[in-house]
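Here are some notes to read alongside the model. Please keep the sequence and the 3D view open while going through the points.

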Amino acid sequence: MSIRTTYKARKILANNIVYYRLKCGWSQEDLAEKLGTTTTYLSTLENAKRNTSIDYIEHLSNILNVQLSQLLEVRDPIENRRIPRRPKNM
């Protein structure tokens with residue numbers, strides 16, 4: 001497998017994480033909290049800058065309530081990637 005193929009797979013995963021996060025109406029902060037990680041780590045996944053394990057992809061699919069295979073489906077690129085952060089309770 002070439003690096004280019006790996007990067008393509010990473011971009012597909014990244015796009016799908018964004019797609020399903022937005023479908024749930026969650027900001028990056030919301031999803032990161034549900035995953036038990038940081039927004040920085042999630043951002044690197046959503047921007048295809050980081051590899052991750054199949055175990056973590058399964059964790060993502062469980063949190064997003066989708067089939068594992070749905071995170072690897074090719075779909076049109078997501079344009080609007082942002083949902084505003086929710087105010088923290090004071």
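1. How does arginine 75 count at 23% relative accessibility: buried, partly exposed or exposed? Arginine 75 counts as partly exposed, because buried means under 20% relative accessible area and exposed means over 50%. Please bear in mind that this is a predicted model.

2. The partner of arginine 75 is glutamate 73, and the two form a salt bridge. Their closest N and O atoms are 3.7 Å apart, and the cut-off for a salt bridge is 4 Å. Glutamate 73 has 38% relative accessibility, so it too is classed as partly exposed.

3. How many salt bridges does a search of the whole structure find? The search finds 2. Besides the pair of glutamate 73 and arginine 75, there is a salt bridge between the side chains of arginine 21 and glutamate 46, with an N to O distance of 2.6 Å. Arginine 21 belongs to helix α1 (residues 3-24) and glutamate 46 to helix α3 (residues 39-46), so this salt bridge ties together parts that lie 25 residues apart in sequence. Both arginine 21 and glutamate 46 are buried.

4. On the overall make-up, the protein has 4 helices and 0 strands. Read from the N terminus, the order of elements is α-α-α-α. The protein has 90 residues, and 32% of them count as buried.

5. The next point concerns how two of the helices pack. Helix α2 (residues 28-35) packs against helix α4 (residues 54-64) at an angle of about 115°, and their axes are 10 Å apart. Angles of 65 to 115 degrees count as roughly perpendicular, and α2 and α4 are therefore described as roughly perpendicular to each other. Their crossing is right-handed.

6. Which residues meet where α2 and α4 pack? From α2 come Leu31, Lys34 and Leu35; from α4 come Tyr56, His59, Leu60, Ile63 and Leu64. By type, the residues of this contact divide into 6 nonpolar, 1 polar and 1 charged. The charged one is Lys34 and the polar one is His59.

7. A last point is about contacts across the chain. Among contacts in the protein with a separation of 6 or more, 68% are between residues 24 or more positions apart. The salt bridge of arginine 21 with glutamate 46 joins parts 25 residues apart in sequence.

Note on methods. Residues numbered from 1 in each chain as written. Predicted model: local features only at pLDDT ≥ 70, side-chain atom pairs only at ≥ 80, totals over all residues. Heavy atoms only, no water. Axes fitted to C-alpha atoms, helices over the stretch in contact; angles between N-to-C directions. Parallel < 35°, antiparallel > 145°, perpendicular 65-115°, else oblique. Left-handed = near helix turned anticlockwise from the far one by under 90°. Contact = heavy atoms within 4.5 Å. Buried < 20%, exposed > 50% of the residue type's maximum accessible area, 1.4 Å probe, protein only.
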